[in-house]
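Q: Please take one part of this model and look at it closely. I would like a connected account of how that part sits among its surroundings.

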Amino acid sequence: MSSSGSPVPSVPPTLVVGDDGKARCAWGADDAEYRRYHDEEWGTPLHDDRRLFEKLCLEGFQAGLSWITILRKRPAFRSAFHDFDPQQVADMTESDVERLLQDAAIIRHRGKIEATIGNAKAVLALDKSISDLMWGFAPPPSGRRRPVAWSDVPAVTPESTAMSKELRSRGFRFVGPTTMYALMQSTGMVDDHLAGCWRAG
């Protein structure tokens, strides 16, 4: 995966065959939680508004950290942020921020916590669903060459840059182009499973 939400092995191999006989992108082969995420989530089209909001927030929290840290803390994040219900998150107050800054089960970063609350307010202010907004930037699948090696996988694309610009104009934070490309990978807006991976279509 890329540096945000998409783990990349520092040294090839690009694919690893698991004990179930399936070839996987190497980053999803060893750790059990990564393997589940690779097999069940990464690259799978996601249109549910609440879960898209969750991914948006978690990708922001991931900045500077490994994605496996976020995955392991995801249950705690869901508890802390009302299962990412935008209305309930938008209603959170400064006292909630101070409380979460003491919660070791999540990432205790004031800017990211405040951005999550602000992003919930931005979601509620949208003139369309967050799914319709985000998926409007998904490139057409036809014509995309499936990556063969990690060097074929970009960190930023014109589409992720355009999505970032649009979200920022609507008041969202921690939505840089690299973070948005990782979100596009995670939510199936693009499919970057390597050629030969069992998830590759």
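A: What follows starts from Tyr-181 in helix H9 and works outward.

The model is predicted, so local features need pLDDT of at least 70 and side-chain atom pairs count only at pLDDT 80 or more, while totals for chains, interfaces and linings use all residues. Residues are numbered from 1 along each chain as its sequence is written, and side-chain values use heavy atoms, without hydrogens or water.

Helix H9 spans residues 177-186; helices (H or I, at least four residues) and strands (E, at least two) are DSSP runs numbered from the N terminus. Tyr-181 has a relative accessible area of 1%, which means that it is buried (under 20%; exposed is over 50% and partly exposed lies in between, with a 1.4 Å probe and protein chains only). Beyond four places in sequence, Tyr-181 is in contact with Arg-144, Pro-154, Ala-155, Val-156, Thr-157, Ser-160, Val-190 and Asp-192, where contact means heavy atoms within 4.5 Å. Of these, Val-156 is 25 residues away in sequence, with its C-alpha 5.8 Å from that of Tyr-181. The side chains of Tyr-181 and Asp-192 form a polar contact of 2.6 Å (a pair of N or O atoms within 3.5 Å; within protein, one must be able to donate a hydrogen and the other to accept it, and residues adjacent in sequence count only if both atoms are side-chain atoms).

Ser-160 belongs to helix H8, residues 158-169. Ser-160 is buried, at 0% relative accessible area. Apart from residues up to four places away, Ser-160 touches Pro-177, Met-180, Tyr-181 and Met-184. Met-180 is also a contact of Leu-167, together with Leu-56, Leu-133, Met-134, Phe-172 and Val-175. Leu-167 ranks with Leu-56, Phe-77, Phe-81 and Met-134 as having the most contacts inside the largest nonpolar core, a set of 52 residues. Such a core is made of buried Ala, Val, Leu, Ile, Met, Phe, Trp, Tyr and Cys residues joined through side-chain atoms within 4.5 Å.

The loop between H8 and H9 holds Phe-174. Phe-174 is not a glycine, yet its phi is positive, about 60 degrees; its relative accessibility of 31% makes it partly exposed.

Phe-174 and Leu-56 are among the residues that line the largest cavity, including also Cys-57, Lys-112 and Arg-173. H2 and helix H6 (110-124) are the elements that give two or more residues to this lining. The cavity holds about 50 Å³.

Arg-144 and Val-190, both contacts of Tyr-181, are among the residues lining the largest pocket, as are Pro-147 and Met-189. On a 1 Å grid over the protein atoms alone, a cavity is a set of points where a 1.4 Å probe fits but cannot get out, whereas a pocket is an open set with protein on both sides within 12 Å along at least five of seven lines; lining residues have an atom within 4 Å of a point. The pocket has a volume of about 190 Å³, taken as the space filled by probe spheres set on points joined across faces, edges and corners.

H9 also meets helix H1: the buried residues of H1 pack against strand E2 (23-25), helix H2 (49-62), helix H3 (67-80) and H9. Those buried residues of H1 (32-40) are Tyr-34, Tyr-37, His-38 and Asp-39.
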